[in-house]
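Please keep the viewer open while reading. The stops below are arranged as a sequence of selections, each followed by what is found there.

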Amino acid sequence: MSEIENNTVNNSSVTSDYSELVRLNKKMLFYHRIVMLAVVGIFLVAIFSACILVPKAEAALDQVNGMVARVESSLDLLDEMSNGLKDMSDSMTDTSEDLNKLVEENGAALSETMKSISEIDFEGLNKAIKDLQDTVGPLASFFGRFN
């Protein structure tokens with residue numbers, strides 16, 4: 001082959017390689033653009049979701065904190081009531097000892113007093129305590145789920 005023919009063959013080979021490279025680069029550019037659009041779309045969805053979900057989550061947490069504060073104050077009141085019942089129990093023990101002394105000193109008058117005490121509605125008192133336990137029990141189990 002002559003030198004001119006070799007140059008022509010080399011030039012056509014270089015031209016076909018160059019056009020192949022241009023075609024591949026255009027294809028890569030197209031796919032890079034698609035990937036870039038997908039990343040931008042995901043980023044916009046994430047920002048939009050954060051703008052919507054964060055305020056709702058804050059509001060829900062504020063409500064939970066308010067309910068927890070109310071439950072704590074209710075539990076404090078229940079503690080005070082139970083302490084009051086214990087004090088009342090201690091007081092009743094002391095009173096019964098005094099009653100024994102009184103029985104020894106005043107038997108007849110005391111029998112009338114005992115009749116009056118026996119008419120106290122302890123069942124009603126027990127029912128009121130049970131109703132209170134039934135009311136507070138579901139709240140305690142509800143908030144026990146958050147622990």
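Begin with the whole protein chain shown as a surface: about 12700 Å² is exposed, and carbon and sulfur atoms supply 63% of that area. Of the 147 residues, buried ones make up 3%. The model is a predicted one, and colouring by confidence is a useful next step. The mean pLDDT of the protein chain is 79, with 81% of the residues at 70 or more.

Switch now to a cartoon view. The protein chain contains 3 helices and 0 strands, and the order from the N terminus is α-α-α. Select residues 3–105 for helix 1, which has the highest mean pLDDT among the elements, at 81. Residues 107–118 form helix 2, where the mean pLDDT is the lowest among the elements, at 70.

**Helix 1**

Within helix 1, select arginine 23 and glutamate 20, and display their side chains. These two residues form a salt bridge, with 2.6 Å between the closest N and O atoms. Both belong to helix 1 and are 3 residues apart, about one turn of the helix. In an α-helix there are 3.6 residues a turn, so residues three or four places apart point the same way. Are the two partners buried, partly exposed or exposed? Arginine 23 has a relative accessible area of 41% and is therefore partly exposed. Glutamate 20 is also partly exposed, at 34% relative accessibility.

Move next to phenylalanine 30 and tyrosine 31. The count of aromatic pairs comes to 1. Phenylalanine 30 and tyrosine 31 are the partners, in an edge-to-face arrangement with 5.4 Å centre to centre and 65° between the planes. The edge-to-face label follows because planes over 60 degrees apart are classed in this way. Phenylalanine 30 has a relative accessible area of 48%, which means that this residue counts as partly exposed.

**Helix 3**

Select residues 122–144, which make up helix 3. This helix has 23 residues and reaches 32 Å from the first C-alpha to the last, close to the 33 Å expected at 1.5 Å a residue. Centre the view on valine 136, where there is a kink of about 25°. Proline 138 comes shortly after that position.

How many salt bridges are counted for the model? The total is 3, and with the arginine 23–glutamate 20 contact already visited, the next selections are in helix 3.

- Lysine 127 and aspartate 131: this salt bridge has its closest N and O atoms 3.3 Å apart. The partners are 4 residues apart in helix 3, about one turn of the helix. Lysine 127 is exposed at 52% relative accessibility, whereas aspartate 131 is partly exposed at 36%.
- Lysine 130 and aspartate 134: here the closest N and O atoms of the salt bridge are 3.2 Å apart. About one helical turn separates lysine 130 from aspartate 134, because they are 4 residues apart in helix 3. Lysine 130 is partly exposed at 47% relative accessibility, and aspartate 134 is partly exposed with a relative accessible area of 44%.

For a last view, keep lysine 127 on display: why does this residue count as exposed? The cut-off for exposed is over 50% relative accessible area, and lysine 127 counts as exposed because its relative accessibility is 52%.

Key. Residues are numbered from 1 along each chain as its sequence is written. This is a predicted model: local features need pLDDT of at least 70, side-chain atom pairs count only at pLDDT 80 or more; totals for chains, interfaces and linings use all residues. Side-chain values use heavy atoms; hydrogens and water are left out. Helices (H or I, at least four residues) and strands (E, at least two) are DSSP runs, numbered from the N terminus. Buried means under 20% relative accessible area, exposed over 50%, partly exposed in between (1.4 Å probe, protein chains only). Accessible areas come from the Shrake-Rupley method with a 1.4 Å probe; for residues, only the protein chains shown count as cover. Rings of Phe, Tyr and Trp (its six-membered ring) pair if their centres lie within 6.5 Å; planes under 30 degrees apart count as stacked, over 60 as edge-to-face and the rest as tilted. pLDDT is the predictor's confidence in each residue, from 0 to 100. A salt bridge is a side-chain nitrogen of Lys or Arg within 4 Å of a carboxyl oxygen of Asp or Glu. The expected span of a helix is 1.5 Å times one less than its number of residues. The bend at a residue is the angle between axes fitted to the seven residues ending there and the seven starting there.
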